[in-house]
Amino acid sequence: MTIELIVVLLVAPLVGFLVNGLLGLSKNKGLKGNEQLSGWIGSLAVLVSLVCSIIAFASLHGGAAPFDETLYEWITGESFAFNIGFRVDALTSVMLLVITGVGFLIHVYSIGYMHGDEGYTRYFAYLNLFIFAMLILVLGNNYLMMFVGWEGVGLCSYLLIGFWYEKQTATDAGKKAFIVNRIGDFGFLLGMFTLFAAFGTLDFTSIFDAAEADNFQKVFGASTLVIATLLLFVGAIGKSAQIPLYVWLPDAMEGPTPVSALIHAATMVTAGVYMIARSAVLYNIAHTGEVVAWIGVLTAFFAATIALTQNDIKRILAYSTVSQLGYMFLGVGVGAYASGVFHLVTHAFFKGLMFLTAGSVMHAMANELDMRRMGGLKAKMPITHWTFLVGALAIAGFPFLSGFWSKDEILHSAWGSSPIIYAIGLVTAFLTAFYMFRLIFVTFYGESRVEPEVDSHLHESPPVMWVPLAILAIPSALIGLLLGWGGHESWFHHFTKSVFPEAHHEASGNVILFMVISSVVGLAGIAFAWSRYRERTPSEEPTNALHKLLVNKYYVDEVYNALIVQPIKNGSHYLLWRIVDNGIIDGIVNGIGSIIRFIGGTLRRLQTGLVQVYIVSMVLGIVLFLAYYLFFL
Amino acid sequence: MLLSIVIFLPLLGVIAIALLRGLGASAVKGIALVIGLLTFIVSLGLYTGFDATTATFQNVTQQAWIPGLGTSYHIGIDGISLWLVLLTTFLTPVCILAAWNSIEKGISGFMMSLLALETGMLGVFCALDLFLFFVFWESMLIPMYFLIGIWGGERRIYATVKFVLYTMAGSALMLVGILALYLQNNNSFDLTTLSGPFEHSHLLFLAFFIAFAIKVPLFPFHTWLPDAHVEAPTAGSVILAGVLLKMGTYGIIRFCLPLFPDAAAEFTPLIVPLAVIGIIYGALVAMVQPDLKKLVAYSSVSHLGFVVLGLFSKSPAGIQGSVLQMINHGLSTGALFLLVGMIYERRHSRMIVDFGGLAKRMPIFATIFMVVTLSSIGLPGLNGFVGEYMILLGSFVQGAFSKIYVVIATAGVILAAVYMLWMFQRVMFGTLDKTNEALPDLNAREIVVMLPILLFIVWIGVYPKPFLSKIEKSVGLVVTQVQTEPAMGRAGEQENSSQQSVVSNQQNGDTLLKSLLPDSRQPMADSQYTELALRGTQRVQHEKIEKEAETK
């Protein structure tokens with residue numbers, strides 16, 4: 001590995017962004033409207049990165065030492081140095097393969113999916129910019145670089161969620177995503193400041209070495225690392241949509257569906273998991289993993305319950321993503337860093353796949369998302385159906401498919417940490433299988449409830465779309481088996497061993513038993529969904545208070561709006577602007593002005609310009625002075 | 001000599017326009033633009049000739065002026081004023097170009113005011129004589145008074161009077177402060193010979209600080225700003241936000257901190273909360289503004305709060321960040337006012353509700369607006385982030401004040417995204433209103449106005465080293481000056497604690513942290529020595545210049 005390779009890997013999507021960006025602004029119709037050109041420039045750029053990523057991976061796999069080099073000095077002074085530098089170790093290379101691999105397929109898929117869209121060129125420009133930012137995030141060899149990528153992907157997410165900017169809901173969702181993420185970034189920034197105050201650097205290796213040697217400035221006493229890691233975790237909560245900052249992700253589905261697949265399922269939202277896995281040394285020393293695990297498992301459960309009652313297929317997938325991210329945090333939280341990252345990888349494939357198939361359904365059904373108006377799509381869209389089924393089986397933990405391996409590893413490790421966490425995780429696994437197959441049965445099986453005019457156009461997607469689906473289906477099914485066979489002795493654990501410290505809790509108990517329990521629970525969820533939704537649609541469901549609560553997503557958005565958004569808005573408008581600024585401060589300023597004018601106006605009357613008045617006042621003055629001298633002295 | 005040319009070249013332009021105004025509007029504009037560009041090009045010589053390895057003043061000229069008063073024409077620049085000079089010479093031609101078609105009446109008067117203003121501003125940044133400084137400081141008000149009062153909007157008289165009186169109130173205090181310093185400095189106004197500690201340093205500090213705080217503007221002295229901005233013509237707003245506000249922060253770093261370090265330390269617990277209130281308050285009030293210009297004006301209150309915070313952090317990173325942020329704010333807020341001006345020329349409205357969906361009709365405008373917005377939000381990779389990050393980091397690490405202030409200030413980063421993105425959404429996104437359908441996208445002149453600013457926005461964001469390296473030494477000198485005053489009261493205790501902590505760290509062998517607090521490592525001796533040495537070199541230089549002047 002050389003710095004040149006990394007630079008090419010990183011810069012290729014940036015070039016794609018610049019070229020497509022300029023094409024998008026050009027007035028030349030031939031260039032601007034040229035879909036083929038933009039689409040293939042965008043895809044090719046990511047292909048270059050993919051090839052570089054494979055080279056980097058091969059080199060590491062061949063036993064090369066991790067790559068860690070500085071490109072140039074960024075923000076430096078006598079007392080601080082923040083550099084643009086890269087680190088490629090096992091963890092990074094896994095992330096690189098996921099980002100560029102899934103990213104490339106989604107770019108290709110988008111060529112077909114976005115066909116005919118007015119903003120075609122702009123779309124590919126944004127998508128390439130996203131890949132660039134995401135690569136910075138995982139390539140950086142220090143926290144500040146990670147933060148640069150972190151904010152960069154946030155920007156692209158904002159731009160792509162609000163891609164159809166004439167839609168109010170889309171731009172609202174984009175803004176919400178950016179702002180909620182900024183709340184997380186607030187924590188990330190403070191976490192970085194704490195780390196810098198403690199270690200005097202933000203470089204990963206320096207910090208981790210110093211932390212392991214307990215050789216750092218205890219700026220907050222014994223809890224220095226506790227504070228630092230929890231603050232960083234706030235950043236992760238925002239970016240990876242965990243409680244209480246998950247609210248932006250379901251709304252983010254306003255963006256084009258391939259964007260949901262790439263950014264809001266496979267890559268960006270997993271950045272928080274990556275961050276904690278990267279900081280594994282710190283979390284181990286600070287013992288803050290437990291907080292992470294609890295937030296993770298609660299989010300997993302909470303989001304899964306919401307997914308049970310939704311009817312918008314993309315929203316179901318979105319809540320499912322929130323839930324699965326919870327699993328990943330549970331994994332890294334209980335110290336099973338490799339397992340958490342392993343689930344990140346498998347999830348990237350099967351959830352990416354499911355979003356793309358959802359996109360395929362939308363594409364065929366004139367952007368319909370409500371599955372109550374679907375049903376029986378299996379006959380018209382066989383490839384879409386089968387690929388979706390693969391994804392759903394994978395996420396439901398069907399034996400030997402990808403999700404089975406990674407989820408089981410996490411649950412197994414959770415048992416070693418806390419049986420309660422394990423139990424909640426297991427219940428969530430049941431719910432996951434249930435809501436996913438509810439979606440399958442209602443959408444693809446049963447009677448068709450499709451509107452006649454839509455029905456006549458119903459078709460399987462073009463090859464440019466279904467080929468990526470078919471390709472993605474293979475790793476979605478098999479990657480777990482390939483990388484995860486053997487549990488803690490698997491290839492994946494072996495490959496990433498150099499990056500992660502030893503876990504606190506050794507996984508205990510019979511591995512096979514855990515696998516059996518997980519499988520049974522998953523199958524039970526599928527069976528339950530089958531029994532309920534084989535012939536019934538969600539509109540025929542009984543409604544009760546709990547159901548209503550779930551349909552309305554626990555009213556969390558409403559509560560946030562009433563407790564935070566509106567008070568800030570109204571307080572700023574009426575109290576701060578109208579009363580404090582215009583009323584009090586300007587009142588004082590203008591008041592001083594008025595007083596001076598009043599005094600001036602009064603005094604002015606003395607100068608009447610009439611000689612008589614002056615003489616009278618002069619005489620009066622003399623008399624008074626004389627009187628004073630005569631009588632008082 | 002070069003510096004004097006830079007300062008007075010615009011004044012030459014004023015005279016040229018006064019003599020040649022009969023040639024017509026385009027000739028006047030041409031002269032103004034040529035002079036503006038020429039000044040910028042000449043000022044680049046200051047950059048290329050700048051020696052970044054020293055903190056002493058460079059390009060120094062000293063001529064006897066009114067010897068009886070103890071004042072001389074003494075100018076020079078260091079790493080701090082260098083950038084403010086360049087910012088001024090850069091923004092002036094941009095403003096001239098931006099005002100090309102928007103000024104209908106009295107174009108020659110307008111251009112003359114703009115150029116006269118440039119001389120005033122440059123003089124403020126370069127003056128090394130308090131008397132000279134004050135003359136420039138006050139002379140700047142006159143053209144600004146005309147710019148807003150003649151070419152402003154409907155309530156321009158109210159805004160002008162408010163602006164002038166606010167500033168004059170501060171200036172009066174500062175004048176007293178200057179005279180007091182004069183009496184304590186052997187009846188000399190020379191800045192380079194001033195050395196503390198001064199009598200009544202607390203009062204003197206306040207006299208200077210209030211004058212500068214009004215200019216910054218620091219909460220609660222800010223209410224002149226929204227009015228002045230809303231009424232000022234675009235060029236006036238750009239200069240006001242881009243350069244004039246920096247005079248306040250420049251004054252703090254040039255006078256308040258190095259001359260009265262004790263008082264600065266004593267008042268830090270009072271000033272820092274005001275800065276932090278300004279950050280949050282400015283952002284919240286900006287959020288609810290219906291008028292684009294007012295929104296940007298209040299955002300300045302928030303941004304400048306960051307700068308003041310960094311200045312009082314006593315840390316190299318914080319103060320360096322503040323100086324960089326002065327430039328950043330000049331670029332991004334200047335750009336925002338330019339963009340608002342461009343849209344105003346088309347639509348004759350600045351009300352946010354009148355817009356919506358402009359991205360569809362004006363993609364180039366929308367793209368540039370987006371980049372500037374992101375710069376203002378502090379997105380990494382663009383200029384704003386570098387400055388804000390350094391300020392917050394320096395403030396957090398140094399511990400000159402409670403970390404809770406840094407936490408609140410960091411929350412301001414969230415609010416910046418709120419008000420800017422909400423504004424952007426309402427102006428650019430959504431459906432296009434019928435009345436806005438005919439709005440043309442930016443023309444070539446307007447793109448030329450914006451491109452250089454965008455270039456610097458990206459440059460500073462990606463590779464700020466050329467900027468930071470020039471600032472470093474001069475800021476280092478200020479840091480030694482604020483940190484090394486005799487340990488008295490609270491400031492002293494803090495310093496002691498930081499010494500201890502660093503000593504313990506030194507044993508750990510962490511070199512980076514060691515260098516984080518370089519001066520307190522070997523308590524007083526080291527830093528005092530540096531300070532004395534630096535002052536010594538200044539004196540020597542000063543004497544040399546005097547001798548030269550005599551021989552001439």
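## A walk through chains B and A

Start by selecting Asn187(B): this residue counts as exposed, because only 12 or fewer C-beta neighbours are allowed for that label and Asn187(B) has 11 inside 10 Å. Keep in mind as you click around that this is a predicted model. Asn187(B) sits in the loop between α7 (156-184) and α8 of chain B. Check its backbone while you're there: phi is near 50 degrees, a positive value in a residue that isn't glycine. For context, most residues other than glycine have a negative phi, and most peptide bonds are trans.

Next stop, His348(B), another residue with a positive phi, about 50 degrees, despite not being a glycine. You'll find His348(B) in the loop between α13 (316-347) and α14 (358-361) of chain B. Is His348(B) buried or exposed? With 8 other C-beta atoms within 10 Å, His348(B) is exposed, since the count is 12 or fewer.

Now go to the loop between α8 (201-215) and α9 (224-231) of chain B and pick out Pro217(B). The peptide bond leading into it from Val216(B) is cis, with omega near -10 degrees. Stay in the loop between α8 and α9 of chain B and move on to Pro220(B). Which way does the peptide bond from Phe219(B) to Pro220(B) go, cis or trans? That one is cis, with omega near 0 degrees.

Time to zoom out and colour chain B by secondary structure: you should see 22 helices and 2 strands. Of the 552 residues in chain B, 60% are buried. Take the contacts in chain B with a separation of 6 or more, and 80% of them come from residues 24 or more positions apart.

Switch the colouring to pLDDT. Chain B has a mean of 86, and 88% of its residues reach 70 or more. Then select residues 485-533 of chain B, where the pLDDT is below 50; this stretch has 60 contacts in the model beyond near neighbours in sequence. As for the global scores, the model gets ipTM 0.90 and pTM 0.89.

Now show both chains and look at where they meet. The contact takes 44 residues from chain A and 52 residues from chain B. On the chain A side, β1 (67-76), α6 (143-161), α7 (168-199) and α26 (556-604) each supply at least two residues. Which of the elements gives the most to the side of chain A that touches chain B? It's α7(A), with 13 residues. Colour that side by residue type and you get 22 nonpolar, 13 polar and 9 charged.

Stay in chain A and follow helix α26 to Ile579(A). Ile579(A) counts as partly exposed, because its 14 C-beta neighbours inside 10 Å fall between the cut-offs of 12 and 20. Leaving out residues up to four places away in sequence, Ile579(A) touches Tyr574(A) and Ile584(A). Try a distance label from Ile579(A) to Ala210(A): they are 369 residues apart along the chain, and their C-alpha atoms are separated by 52 Å.

Last stop: helix α3 (residues 35-61) of chain A. How far apart should its ends be? At 1.5 Å a residue, its 27 residues should span 39 Å, and the end C-alpha atoms are 38 Å apart, which agrees. Just after α3(A), click on Gly63(A), where phi is positive at about 100 degrees.

Terms used: Residues numbered from 1 in each chain as written. Chains lettered and ligands numbered in written order. Predicted model: local features only at pLDDT ≥ 70, side-chain atom pairs only at ≥ 80, totals over all residues. Contact = placed C-beta atoms within 7 Å. Helix = DSSP H or I, 4+ residues; strand = E, 2+ residues; numbered from the N terminus. Nonpolar A, V, L, I, M, F, W, Y, C, P; charged D, E, K, R; others polar. pLDDT = per-residue confidence, 0-100. Expected span 1.5 Å × (residues − 1).
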